[in-house]
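Trainee: I've got a model open on my screen and I'd like to learn how to read it. Could you walk me through it, one feature at a time?

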Amino acid sequence: MKILVTGGAGFIGSHIVDRLIEEGHDVVIVDDLSTGKKKNINKEATFYKCDIQSSRLEKIFQKERPELINHHAAQMDVRKSVTDPAFDAKSNILGLINLLECAVKNGARRIVFASSGGAIYGEQNTFPATETHPAHPLSPYGVSKLSSEHYLYYYQKVCGLEYTSLRYGNVYGPRQDPHGEAGVVAIFTQKLLKGEQPTINGNGMQTRDYVYVKDVVEANMAVMNNKINDTFNIGTGVETTVNQLFKLLLGITESELKEVHGPEKKGEQKRSCLESKKIFKALDWEPGVSLSEGLENTVAYFKGD
Ligand SMILES: NC(=O)c1ccc[n+]([C@@H]2O[C@H](COP(=O)([O-])OP(=O)(O)OC[C@H]3O[C@@H](n4cnc5c(N)ncnc54)[C@H](O)[C@@H]3O)[C@@H](O)[C@H]2O)c1
């Protein structure tokens, strides 16, 4: 089957591409390489360096005529979305609309969308959050992800394009960029391996739901060629503080460094944790990799990078 993966040179998208190719699919990647890397691109995929906002996207669709779309291209830096909300909206909302228009005009059947359970719910009232938890995003990034879900609903109802939105927790694993603002696992791991001191923002009691990239890939595989039009959380249901994460990584990297705290980041969400029973009931997906195993794999990857 021909599948177009946007963001296929990025962290999560490139793992999805690898898995789809393993399954024998014909994969087309659209990525502008703004944060993605050439070395992540699977050689068996057809690659187009292209911004999803560009009018060139239509030509790619006309030529390739993908049946399915897996949409992972996005501006995904929460802090950047706060300093430049228009940039975020252009990439994440206008880019999505361009993609959806191309999909509908060129006969694509279905789209799977990388949404964010960490950003959409805002400060949670209940833990873990189910998909019915009120969605009051506290960043332009969260707003753009929630708006995208509304567009998907609209394009399904009115234009017949099937969709599934996957609301991820904090995804971590090999290939995550350790140089960005996001991705605390990659940032801490790389610093600890180099003997550099990581700084924990604030008191380190902020919690997140860390989900390993391989589990996220399997969730994409479960919904990719399905007919379900729905939204699912993809998390572990386990809350981990930044301090706990730091201690685990200290142990795995055998580092002697100490816990150092810096000022708290203004507006940073305090707690986040997702319940994923809905997708377990519907499609039997559940996370299979524990945090300690996932962190071991991630450290091993960064050691060899
Ligand atoms: N990493 C997480 O914890 C997490 C959590 C929730 C949701 N997500 C979502 O998953 C997706 C992938 O995230 P990631 O962590 O792999 O980040 P990433 O930055 O590694 O991947 C994004 C990819 O999209 C490309 N891209 C960005 N803007 C583009 C544009 N306008 N046109 C074409 N390509 C563009 C980048 O070059 C990059 O390869 C994003 O949509 C992100 O919002 C990630």
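Mentor: Sure, let's begin with burial. A residue is called buried if 20 or more other C-beta atoms lie within 10 Å of its own, exposed if 12 or fewer, and partly exposed in between. Keep in mind that this is a predicted model.

Trainee: Okay, let me try that on a residue. How does Arg65 count, and with how many other C-beta atoms within 10 Å?

Mentor: Arg65 has 13 other C-beta atoms within 10 Å, so it is partly exposed. You'll find Arg65 in the loop between H2 and strand E4 (68–71). Its backbone deserves a look too: phi of Arg65 is near 45 degrees, a positive value in a residue other than glycine.

Trainee: What sign of phi do most residues other than glycine have?

Mentor: Most residues other than glycine have a negative phi, and most peptide bonds are trans. Arg175 also has a positive phi, near 80 degrees. Arg175 sits in the loop between E7 and H7 and, with 21 other C-beta atoms within 10 Å, is buried.

Trainee: And what about the peptide bonds? Which is the bond from Phe127 to Pro128, cis or trans?

Mentor: That one is cis, with omega near -10 degrees. Pro128 belongs to the loop between helix H5 (117–120) and helix H6 (140–159).

Trainee: Next, the sheet. In what order do the strands of the seven-stranded open sheet come?

Mentor: Read across the sheet rather than along the chain. The order is E3-E2-E1-E4-E5-E6-E11, and the pairing is parallel. At the edges stand strand E3 (46–49) and strand E11 (230–234); each has a single partner strand, so one side of each has no neighbour in the sheet. On average, neighbouring strands are turned by 20 degrees against each other, direction ignored.

Trainee: Can we zoom in on one pair? How many bridges join E5 to E6?

Mentor: Seven bridges hold strand E5 (residues 110–116) and strand E6 (residues 162–168) together, and the two run parallel. To pick out one bridge, start at Ser115: its partner in E6 is Arg167. Then look at what packs on the sheet. Helix H2 (residues 56–64) touches strand E1 (2–6), strand E2 (26–31) and E3, and its direction makes about 175 degrees with that of E2.

Trainee: Now the domains. Which stretches of chain belong to each?

Mentor: The domain assignment gives domain 1 as 2–171 + 212–234, and domain 2 as 172–208 + 238–273 + 290–304. Taken over C-alpha atoms, their centres are 25 Å apart. The contact uses 23 residues from domain 1 and 17 residues from domain 2. On the domain 1 side, helix H1 (11–22), helix H3 (78–83), strand E7 (170–172) and H8 each supply at least two residues. That side has eleven nonpolar, eight polar and four charged residues.

Trainee: How should I think about nonpolar cores?

Mentor: In soluble globular proteins, nonpolar side chains tend to be buried together. Here the largest nonpolar core has 68 residues, among which Ile29, Leu166 and Val216 touch the most other members. Helix H8 (residues 213–224) gives the largest share, seven residues.

Trainee: Where does this core lie relative to domain 1 and domain 2?

Mentor: Both domains give residues to it, so the core lies between them. Take Val216: leaving out residues up to four places away in sequence, Val216 touches Ile12, Tyr168, Val171, Val211 and Ile234. There is also a second, separate core of ten residues, including Val78, Tyr141, Leu146 and Cys273.

Trainee: Could we finish with a helix? Which residues of H7 are buried?

Mentor: In helix H7 (residues 184–194), the buried residues are Val184, Val185, Ala186, Phe188, Thr189, Gln190 and Leu192. They pack against E7, strand E10 (210–212), helix H9 (242–253) and helix H11 (291–304). Just after H7 comes Gly195, with a positive phi near 75 degrees.

Trainee: And Ile252, which is in helix H9: what does it touch?

Mentor: Not counting residues up to four places away in sequence, Ile252 touches Leu295, Glu296 and Val299. Ile252 has 17 C-beta neighbours inside 10 Å, so it counts as partly exposed.

Methods:
Residues numbered from 1 in each chain as written. Predicted model: local features only at pLDDT ≥ 70, side-chain atom pairs only at ≥ 80, totals over all residues. Core = buried A, V, L, I, M, F, W, Y, C linked by C-beta atoms within 7 Å. Helix = DSSP H or I, 4+ residues; strand = E, 2+ residues; numbered from the N terminus. Domains from an automatic or database assignment. Contact = placed C-beta atoms within 7 Å. Nonpolar A, V, L, I, M, F, W, Y, C, P; charged D, E, K, R; others polar. Pairing = 2+ DSSP bridges. Axes fitted to C-alpha atoms, helices over the stretch in contact; angles between N-to-C directions.
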